[in-house]
Protein chains: 2
Amino acid sequence: MNLGERLLNGDRRACARLISMLENNDLEAVNIIKELYKHSGNAYVIGVTGAPGSGKSTLTDKLAKEFRKRGKKIGILAIDPTSPFTGGAILGDRIRMNDLTLDKNVFIRSMGTRGSLGGMSRAAWGAVKVLDIFGMDYIFIETVGVGQSEVDIVKIADTVLMVMVPNLGDDIQAIKAGIMEIADVFAINKSDLEGADRTKLEIEMNLDLSEKKDYRPPVVKVSASRNQNIDELVDKLIEHRTYLEETGKIVERRKKNIRLEIMKLAEEEFLNLVMNKAHKGNLFDKLVDDVISKKLDPYTAKDMIMDFIKG
Amino acid sequence: MNLGERLLNGDRRACARLISMLENNDLEAVNIIKELYKHSGNAYVIGVTGAPGSGKSTLTDKLAKEFRKRGKKIGILAIDPTSPFTGGAILGDRIRMNDLTLDKNVFIRSMGTRGSLGGMSRAAWGAVKVLDIFGMDYIFIETVGVGQSEVDIVKIADTVLMVMVPNLGDDIQAIKAGIMEIADVFAINKSDLEGADRTKLEIEMNLDLSEKKDYRPPVVKVSASRNQNIDELVDKLIEHRTYLEETGKIVERRKKNIRLEIMKLAEEEFLNLVMNKAHKGNLFDKLVDDVISKKLDPYTAKDMIMDFIKG
C-alpha cells in the first residue's frame, strides 16, 4: 500500500510521515493530499491562540480529553513559532508526556517552521487535511497569537478559541488587540488567580463596543491545571459550531478560509519563483547593483522582476 | 514648480504632501520618487524598535535633539501599527507637541497604515526616500517590534537600535526573541528603575551566546525622560555607522536591504494582481466554490491562479 492508502486505512505512521513531509515541503505529500482531498471535510477545526504563558497547551489537552469522553477522535497540532532570523525555536519543544499520547484515537503533533513563515502556514494547513483524511472528528491547531503568520494559521479554523489569563500587562493587551477580533469563544484560563473577574469584565466591555452581530462570543472562566469548567467550555465550542451550521454560516466561513489559503499558497509560490528564477539568472543581483549605483530605482527594479516572472 | 522640484528646494509642505500621497498609494508620488531617486543616498537611516511602553518615542526625540546639537538635519517617521482586522490604531496618535516641531531642520511625521501591512512597509520605505531627497542627514524610523511587517520596516535601516526596559516579563521577551538578533545597538531605557543592571546582564549573556562577529552590539543604559546618557548612545550609533563604513559592510547591508525592499514591493504587487485581476473575472469565486464542493483541491486552485496571473 502506498502512503495515501495507508493514511485512509488509519495507519498512524503514515499520518506522521505525511506531516513530516509537508514540513519539508515535499511535493509527493502535496500530491497525495491532492488525490485524497475528496475524502476530507468531516473534521471540525478549532484554532487555539493566546499569549505565551496563557496555558494554551494544557488547556488544549484538557479539551481533547473532554471531547474524547464524548466519543470524538482528536487531532492536535501544536505550532512552534520560530524566529524568522535564525530558525531557532522560541518556545522550545512541546511534546507532551501524558496519557493522551497513549490513546489510539488521539494524534498529537508538534510542528516547527523550517525556513519561511509562509511555509509554516502551508505545512500546518496541509497537516490539518492529513488529520481530516485520517478520520479525526475535531482538530485543534494551537499557536501563539503573536505575528501575522500565526494569526493566519488560526484564521483558517472553523472556531477560534482565544485563551486569556488574568492580569496580563497592557503591553500584551496591545499586541493582542488584533487577534481579539477573530475570537469566537474566549477562555480565561488560570481563573483561580485574582483578577479573573476583572479580565472577564474587560473582555465583555470590549465585546459591547464591537459591531453588533447575531452571535456574541461567550467568555468562560476555566482552570486547565485544576480541570475546572472544561466541560462548559466544550459546550460553548459546540454551540458555536451549531450556530454556524444552523445559520449556514459555516459555508461562508469555509469559503473565506479557503480563499485565504489559496491566496497564501500563491503568495508563497510567487516568492519562491522570484527567489529561485530571478536569483539563478543573477537578474536579482544585477538589479540590486543598479539600484545601489542609482542607475535604477527600487520601483523600476520591481517592475522588471514582475515582467520577468510573468514571461 | 512641481512637487518634485519643491521637495528638492526644501519645501516642507511638498515633503509632507508626498508622504501623504505614498500613504494613499498614489502612483504620482511613486513616479516623483523614481525621477528623483538619483538625488537620494545622503541620509543615514536608524531604525528604532522595542516593545510597546519602552519609551521609544521619547528616546527618539532625545536622540534627535542630540544629533541637532551636532549640526545634523533630522527626519523622524513614527509608524503606528494598526490592526490588520479593523484598521483601528493600536497605539493611537503620536503627534508630538514639543520644541522639536518648531525646528526647521527637523521633520517629524506619524504614519498609519491604510489597509494592508505590506502597504505600511511600502509607504514607510517611500517616506524614507522622500526625507532623504529632502536633505535630511539622519532619518529615524520608529516602530513597535511586534509583527513581521514591523520588523521588515526597521530591517531596512542602516543601524537598528533596540530599546529595552528593565523587568519586562518573559512573555514580552519571547516575542522579542526574533528581533533581538537584528539589533546593532541596545538601549536600556528607564534605567533608573530597579533591574536595569540585570536586564543589561541578560542582554550581554545573550550576546555572548550568539555567533561571534567582529562587531558586538553595545548595550547602553539611558533615561530618555531624565535626559541621561543620550550623548553616549548617539556616540554608539555613530560608532556602528563608522564600523559599517570603514569595513565596507555598509554596501553589503544596503544591498541586502534593497533586495528585501524589491522583494516586498513585488510581493505586494502580486497580491494586488491576484485580488483585482482574478477577482474581477470571478475566477477566484469559482475556484473557491469548486474547492468547497471537493471538485478541486486548494493546491490545484493555486496552480490555476498562478497560470492566470502569468498570462
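## Close-up views of a predicted two-chain model

**View 1. Helix H8 packs over one end of the chain A sheet strands E5, E6 and E7.** Helix H8 (residues 196-209) of chain A lies across strand E5 (159-164), E6 and E7 of the same chain, running at about 175 degrees to E7(A). In this predicted model, strand E6 (residues 185-188) of chain A pairs with E7(A) in the parallel sense, over 3 bridges. To find your place in that pairing, look for A:Ala187, which stands opposite A:Val220 in E7(A).

**View 2. The open sheet of chain A has 7 strands.** Which order do the strands follow? It is E3-E2-E4-E1-E5-E6-E7 in chain A, with parallel pairing. Strand E3 (106-112) and strand E7 (219-221) of chain A stand at the edges; each has a single partner strand, so one side of each is left without a neighbour in the sheet. From one strand to the next, the twist averages 20 degrees. As a wider setting for this view, chain A holds 12 helices and 7 strands, and buried residues make up 46% of its 311 residues. Of the contacts in chain A between residues at least 6 apart in sequence, 75% join residues at least 24 apart.

**View 3. Strand E4 of chain A is covered on both faces.** Of the 7 residues in E4(A) (residues 138-144), 7 are buried. In a regular strand, side chains alternate between the two faces of the sheet. Here one side carries A:Tyr138, A:Phe140, A:Glu142 and A:Val144, the other carries A:Ile139, A:Ile141 and A:Thr143, and all of these are buried. A good residue to centre on is A:Glu142: its bridge partner A:Val48 lies in a neighbouring strand, and A:Ala78 also stands opposite A:Glu142. The strand pairings behind these partners are both parallel: strand E1 (residues 44-50) of chain A is joined to E4(A) by 7 bridges, while strand E2 (residues 74-80) of chain A pairs with E4(A) over 5 bridges.

**View 4. Strand E1 of chain A pairs with E4(A) and with E5(A).** How many residues of E1(A) are buried? The count is 6 of its 7 residues, and the strand is mostly covered. The pairing of E1(A) with E5(A) is parallel and runs over 5 bridges. A:Gly50 is a handy landmark here, with A:Val144 as its bridge partner in E4(A) and A:Val163 opposite in E5(A).

**View 5. The largest nonpolar core has 100 residues.** B:Leu77, B:Ala124 and B:Ile141 have the most contacts inside this core. Its largest share, 10 residues, comes from helix H5 (residues 117-134) of chain B. A second, separate core of 69 residues includes A:Ala43, A:Val48, A:Ile141 and A:Val154. Back in chain B, which residues does B:Ile141 touch, leaving aside those up to four places away in sequence? Its contacts are B:Val45, B:Gly47, B:Val48, B:Leu77, B:Ile79, B:Ala124, B:Val128, B:Ile153, B:Val154 and B:Ala157. In soluble globular proteins, nonpolar side chains tend to be buried together.

**View 6. Helix H3 of chain B has its buried residues on one face.** In H3(B) (residues 27-36), the buried residues are B:Ala29, B:Val30, B:Ile32, B:Ile33 and B:Leu36. Seen down the axis of H3(B), they fall within an arc of 160 degrees, so they line one face of the helix. Turn to the other side of H3(B) and you will find B:Leu27, B:Glu28 and B:Asn31, which are exposed.

**View 7. Helix H4 of chain B spans 20 Å from its first C-alpha to its last.** H4(B) (residues 56-69) has 14 residues, and its reach is close to the 20 Å expected at 1.5 Å a residue. Buried in H4(B) are B:Lys56, B:Leu59, B:Thr60, B:Asp61, B:Lys62, B:Leu63, B:Ala64 and B:Phe67. Just after H4(B) comes B:Gly71, with a positive phi of about 85 degrees.

**View 8. B:Ser225 sits in a loop of chain B.** This loop runs between strand E7 (219-221) and helix H9 (230-247) of chain B. Is B:Ser225 buried or partly exposed? B:Ser225 is partly exposed, with 13 other C-beta atoms within 10 Å. B:Ser225 and B:Thr58 are 167 residues apart in sequence, and their C-alpha atoms are 6.9 Å apart in space.

Key: Residues numbered from 1 in each chain as written. Chains lettered and ligands numbered in written order. Predicted model: local features only at pLDDT ≥ 70, side-chain atom pairs only at ≥ 80, totals over all residues. Buried ≥ 20, exposed ≤ 12 C-beta atoms within 10 Å, placed from the backbone. Helix = DSSP H or I, 4+ residues; strand = E, 2+ residues; numbered from the N terminus. Pairing = 2+ DSSP bridges. Core = buried A, V, L, I, M, F, W, Y, C linked by C-beta atoms within 7 Å. Contact = placed C-beta atoms within 7 Å. Axes fitted to C-alpha atoms, helices over the stretch in contact; angles between N-to-C directions. Arc of directions from axis to C-beta. Expected span 1.5 Å × (residues − 1).
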